[in-house]
Amino acid sequence: MTETKFYIAAMDCPTEEQIIRNGLRRESGIERLDFDLLNRVLTVSLAPTGDPESIRNSLNGLGMAAKPMDGNGGPGESPAAALRSRWIQMGVAALFAAGAEVMHWVGAAGHQHGEYAQTNPILLVFVAIALLLGGRDTFRKGWVALRTFTLNINFLMTLAIVGAMVTGEYPEAAMVAVLFGIAELIEAQSLDRARNAISALMETVPDTARVWHSHGGDDPGHWHEMLADKVSVGERVQVRPGERVPLDGRVVEGRSGVSQAAITGESLPVEKESGDELWAGSVNGRGVLVFEVGAARGDTRLDRISRAVQEAQAERAPTQRFVDRFALIYTPTVVVLALLVAIVPPILGYGGWMEWLYKALVLLVIACPCALVLSTPVAVVSGLTAAAKQGLLIKGGAYLEAGAKLKTIAFDKTGTLTRG
């Protein structure tokens, strides 16, 4: 079995995850799919018969532009720049949508329902621009959801927007598209902040280390700077007062107080001497320490914390599993109810088709489980990341939720959490 990693910029929530699962269902050779929504990385475990290029083409066909990742990391793209561009675009769309609403409120007096919106050319231009800028992603995702038989939030919102256009409620269609687009951006922003918190944690580790180098013989040896990535296990590294420890290891010379707040959360420095462990990212105090490297870059305690947080966000918390199961039943139910509201009353003679179609669309928008489905994974990721930033490692959403059951937490006078 081989693993192939893809960076997918458009993948940042469980909605896209479900679309990808459904879209790749017919691909042969796939044994497992692992989603890292925090870093927008899809890991595909393939049997010998699997074809990575075919999977990439399928992902591109779903609107999930996939870029293969090599062993050194991702394609080097920054989601933050794309997110800023989307915010600017959505802001312009919101201005045009609000302008269309204002024109409709001011000019619709004395007109039949929807008549003014259908006959004012400036209002129609405003609506078209708002839909083009603010609703384009929703329409694209809604179409993909329809193709992959995934009744998700994007499908419901696309249905509502198209229905509003059919009934002549153009300003409402534009405003719904923009508001939903803003909600999606807020979710993406929260994941971006979580990602930045992890990056900030890793940036506390210096890129270089002062390593002892000796050619042997008459050479007395000397300390020289080199990239921490190139330092091997067993080499000796010197840390001067005030410097951060670049790698994990065990002290062999010197004595000093070391702040481990970034790793353990302890507020007071810990005295280190020969035989004691040192962790990358901790800050040396007033003494000079020499330690023997015990873990190479990528395998330090801080690296493991970072990986654990990223892996933990992929594990479903109990509440999240419940919400996912609930949405599988709830979403089709809402669609069926909306269809019944649109069709049954007119057939029975209780009003016109357009009147009940409008009410069915209102039901779709109000009953859309957007906030319910999106809030849980975002809350879990934000909680795990905030805890890691404070030096607290929580191994998944299930353990994060278990914290709600704690009744008493005992601390001693140094602020250390008591075991047992």
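**Two buried residues and a one-sided helix**

At a relative accessibility of 9%, Ala387 counts as buried in this predicted model. Ala387 belongs to helix H13, which covers residues 370-389. Although Ala387 and Leu400 are separated by 13 residues in sequence, their C-alpha atoms lie 9.6 Å apart in space.

From this helix the reader may turn to strand S1, made up of residues 2-8, in which Thr4 is found. Thr4 is likewise classed as buried, its relative accessible area being 17%, and this value falls in the buried class because that class takes in residues under 20%. What is Thr4 in contact with, once its neighbours within four places in sequence are left aside? The residues in contact with Thr4 are then Leu42, Thr43, Val44, Leu46 and Pro52.

Helix H5, which runs through residues 121-134, can be followed from its length to its faces. With 14 residues and 1.5 Å allowed for each, H5 should span 20 Å, and the C-alpha atoms at its ends are indeed 20 Å apart, so the expected and computed values agree. Which residues of H5 are buried? They are Leu123, Val127, Ala130, Leu131 and Gly134. When H5 is viewed down its axis, these buried residues fall within an arc of 95°, and therefore they line one face of the helix. On the face of H5 that is turned away from this buried side, the exposed residues are Pro121, Ile122 and Leu132.

Conventions
Residues numbered from 1 in each chain as written. Predicted model: local features only at pLDDT ≥ 70, side-chain atom pairs only at ≥ 80, totals over all residues. Heavy atoms only, no water. Helix = DSSP H or I, 4+ residues; strand = E, 2+ residues; numbered from the N terminus. Expected span 1.5 Å × (residues − 1). Buried < 20%, exposed > 50% of the residue type's maximum accessible area, 1.4 Å probe, protein only. Arc of directions from axis to C-beta. Contact = heavy atoms within 4.5 Å.
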